[in-house]
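Grab a viewer and a scratchpad: here are a few short exercises, each with a solution you can follow step by step.

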Amino acid sequence: MSNAVRHVLGVVAGLLLTPLLAVGLAFGAGQILFAFRTYTGPWWGALALAGTAIVLGFVAGSRLSPVASLLAGLTYTLMGVVLVMPWLYPSDLLLLLPDTLKYGFDVLGPTGMLLALGVMLVTASAFPSRWRSARPELPPPPAPYGPPSQQPAYPSAFTPFQRPDRGDDDQTRPLPR
């Protein structure tokens, strides 16, 4: 796969996975917070966070393209900075979300978890080895004995229809019976 295709797929993955991961993180954290408040089992929240962690591991460490982790990391860093600062906290905007997601963002934002996650994803995309393709394009290896020639595979001393133990003058005489 060429680098251009890798990076285009990385942009698509970054644009699609970034909001899905944010919803998964907020839902999981909100469910766990709700479970601790009501003394119930946090199974749905734990499953959502585990699935989100698997996808985050794919985004952060895959050979697809670092553009996916860069887009997600910049988005989560910006969200983390906005949610950490009390004077920037978008409480009116969060009221539009369902309660579970609102509770999740209330847990992830002010605690700095989104900021830490965003910085981790940006750092994962900063390594130069992730921007190169997996295998470098190598020139084709040379022929084992130089360039191929148009010489026949048999020696030039005799033709394929001639017996190798006789010379050219024996070719015209009939063989003895």
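The exercises below use a predicted model.

**Exercise 1. Work out what span helix H3 (residues 66-84) should have, and compare that with its end C-alpha atoms.**

- Step 1: H3 has 19 residues, and the expected span is 1.5 Å times one less than that number.
- Step 2: That rule puts the span at 27 Å.
- Step 3: The end C-alpha atoms of H3 are 26 Å apart, which agrees with the expectation.

**Exercise 2. Find the buried residues of H3 and the helices they pack against.**

- Step 1: Use the cut-off for buried, under 20% relative accessible area.
- Step 2: Go along H3 and you'll pick up Pro66, Val67, Ala68, Ser69, Ala72, Gly73, Tyr76, Gly80 and Leu83.
- Step 3: Now look at their partners: the buried residues of H3 pack against H1 (3-38), H2 (43-61), H4 (91-94), H5 (99-108) and H6.

**Exercise 3. Describe the largest nonpolar core and say where its residues come from.**

- Step 1: The core has 21 residues, and those with the most contacts inside it are Leu25, Leu56, Tyr76, Phe105, Leu114, Leu117 and Leu121.
- Step 2: At least two core residues come from each of H1, H2, H3, H5 and H6.
- Step 3: H1 gives the largest share, with 6 residues.
- Step 4: Zoom in on Leu121: leaving out residues up to four places away in sequence, Leu121 touches Leu56, Val59, Ala60, Ser69, Ala72, Gly73 and Tyr76.

**Exercise 4. Decide whether Ser65 is buried or exposed, and find its side-chain polar partner.**

- Step 1: Ser65 sits in the loop between H2 and H3.
- Step 2: Its relative accessibility is 1%, so Ser65 counts as buried.
- Step 3: The Ser65 side chain makes a polar contact with the side chain of His7, at 2.7 Å.
- Step 4: Beyond four places in sequence, Ser65 is in contact with Arg6, His7, Gly10 and Arg130.

**Exercise 5. Track down the salt bridge and characterise its two ends.**

- Step 1: The count is 1 salt bridge, and Asp99 and Lys102 form it, with their closest N and O atoms 3.7 Å apart.
- Step 2: The two residues are 3 apart in H5, so about one helical turn separates them.
- Step 3: Asp99 has a relative accessible area of 45% and is therefore partly exposed, whereas Lys102, at 18%, counts as buried.

**Exercise 6. Place Arg132 and list its contacts beyond four places in sequence.**

- Step 1: Arg132 lies in the segment after H6 (113-124).
- Step 2: Its contacts are Asn3, Arg6 and Arg63.
- Step 3: Arg132 and Arg6 are 126 residues apart along the chain, yet their C-alpha atoms are separated by 9.7 Å.

Definitions and conventions
Residues numbered from 1 in each chain as written. Predicted model: local features only at pLDDT ≥ 70, side-chain atom pairs only at ≥ 80, totals over all residues. Heavy atoms only, no water. Helix = DSSP H or I, 4+ residues; strand = E, 2+ residues; numbered from the N terminus. Contact = heavy atoms within 4.5 Å. Buried < 20%, exposed > 50% of the residue type's maximum accessible area, 1.4 Å probe, protein only. Polar contact = N/O pair within 3.5 Å; in protein donor to acceptor, adjacent residues only side chain to side chain. Core = buried A, V, L, I, M, F, W, Y, C linked by side-chain atoms within 4.5 Å. Salt bridge = Lys/Arg side-chain N within 4 Å of Asp/Glu carboxyl O.
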